[in-house]
Amino acid sequence: IHTVEEGRIKSTHHLEDWGLAAEQLNLEISFDPRESNNIFYRPTLGTIQDRCLQCHFCVSLALRRSQIIELLSQFYSQALTTNIFANVQMVIDGIFDENFISLGTQNKLKPALIAQIQQFWETIPDLKWEVQEMIVEGNKVAVLSLASGSPRGDFMGVVGLDGSKSFHITTIDIHTVEEGRIKSTHHLEDW
């Protein structure tokens with residue numbers, strides 16, 4: 001995820017899985033000989049909204065964008081983060097498409113993802129998933145997040161953890177949203 005300011009890349013967050021990169025990222029970059037650095041980046045919806053709040057088309061896009069952000073925020077705060085007031089299956093059923101697929105090192109359908117998250121909640125009672133950055137482009141959403149927790153029991157091949165050691169990992173997800181639901185997620189986690 002690049003942050004671009006004044007036509008220059010200001011910072012970069014990255015996890016690499018080159019086999020999936022070309023498939024997952026559909027960046028709209030073109031060359032413009034009039035630009036000093038010869039690269040033109042298509043502005044995001046947020047940038048468009050900031051420039052023309054009076055335009056009905058842009059306002060409706062911004063509304064759709066805010067709905068997508070709310071949908072994804074629910075996933076990170078109410079499903080991935082351990083939450084005694086939520087039920088993983090109810091949260092996931094409310095925001096994921098019936099035919100949802102999680103694409104990563106091991107692809108999983110919605111029931112397998114629900115089971116995995118429930119297991120995480122049992123093993124990591126303080127699991128916290130914090131969104132650091134969310135970029136919406138059409139129906140694609142890139143999310144940079146940090147996950148942390150102190151596992152108890154058996155976790156990631158380590159047996160008998162007592163909760164005294166914690167982890168902090170970076171994750172990058174690329175979600176596809178269709179008809180108000182999360183249809184698929186490509187993800188990388190730096191375990």
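A residue counts as buried when its relative accessible area is under 20%, and this cut-off will help with the first close-up below. All the views come from a predicted model.

**View 1. Ala 79, a buried residue in helix 3.**
Let us start with Ala 79, which is found in helix 3 (residues 56-80). Its relative accessibility is 0%, so Ala 79 counts as buried. Which residues does Ala 79 touch, not counting residues up to four places away in sequence? They are Gln 74, Val 88, Val 91, Ile 92, Ile 117 and Trp 121. With Ile 117, the C-alpha atoms lie 7.4 Å apart in space, although 38 residues separate the pair in sequence.

**View 2. Helix 4 crossing helix 5.**
Next, have a look at helix 4 (residues 88-95) and helix 5 (residues 110-123), whose axes come within 10 Å and cross at roughly 145°. The crossing of these two helices is right-handed. From helix 4, the residues that take part are Val 88, Gln 89, Ile 92 and Asp 93. On the side of helix 5, they meet Lys 110, Ile 114, Ile 117, Gln 118 and Trp 121. Sorted by class, this contact has five nonpolar, two polar and two charged residues. Val 88 and Ile 92 from helix 4 are also among the residues that Ala 79 touches, as are Ile 117 and Trp 121 from helix 5.

**View 3. Gln 118 in helix 5.**
Staying with helix 5, we can zoom in on Gln 118. Is Gln 118 buried or partly exposed? At 32% relative accessibility, Gln 118 counts as partly exposed. Leaving aside its neighbours within four places in sequence, Gln 118 is in contact with Val 88 and Gln 89. Asn 87 is 31 residues from Gln 118 in sequence, and their C-alpha atoms are 8.9 Å apart in space.

**View 4. The six-stranded open sheet and helix 4.**
Here is an open sheet of six strands, in the order 6-5-12-11-8-7 and with mixed pairing. Strand 6 (108-109) and strand 7 (128-137) stand at the edges, each with a single partner strand, so one side of each has no neighbour in the sheet. Strand 7 runs antiparallel to strand 8 (residues 140-149), and nine bridges join the two. You can pick out Ile 135 opposite Ala 142 in strand 8. Helix 4 also belongs in this view: it lies across strand 5 (96-103) and strand 12 (181-189), and runs at about 100° to strand 5.

**View 5. Trp 191 and its contacts.**
Our last close-up shows Trp 191, in the segment after strand 12. Trp 191 has a relative accessible area of 41%, so this residue is partly exposed. Not counting residues up to four places away in sequence, Trp 191 touches Phe 120, Phe 155, Met 156, Phe 167 and Ile 169. Ala 147 is 44 residues from Trp 191 along the chain, with 9.8 Å between their C-alpha atoms.

**View 6. The protein as a setting for the close-ups.**
To place these views, keep in mind that the protein has five helices and twelve strands. How many of its 191 residues count as buried? The share is 34%. The protein exposes about 12,100 Å², and carbon and sulfur atoms supply 52% of this area. Among contacts between residues at least 6 apart in sequence, 52% join residues at least 24 apart.

Key:
Residues numbered from 1 in each chain as written. Predicted model: local features only at pLDDT ≥ 70, side-chain atom pairs only at ≥ 80, totals over all residues. Heavy atoms only, no water. Axes fitted to C-alpha atoms, helices over the stretch in contact; angles between N-to-C directions. Helix = DSSP H or I, 4+ residues; strand = E, 2+ residues; numbered from the N terminus. Left-handed = near helix turned anticlockwise from the far one by under 90°. Contact = heavy atoms within 4.5 Å. Nonpolar A, V, L, I, M, F, W, Y, C, P; charged D, E, K, R; others polar. Buried < 20%, exposed > 50% of the residue type's maximum accessible area, 1.4 Å probe, protein only. Areas by Shrake-Rupley, 256 points an atom, 1.4 Å probe, with all protein chains shown as cover. Pairing = 2+ DSSP bridges.
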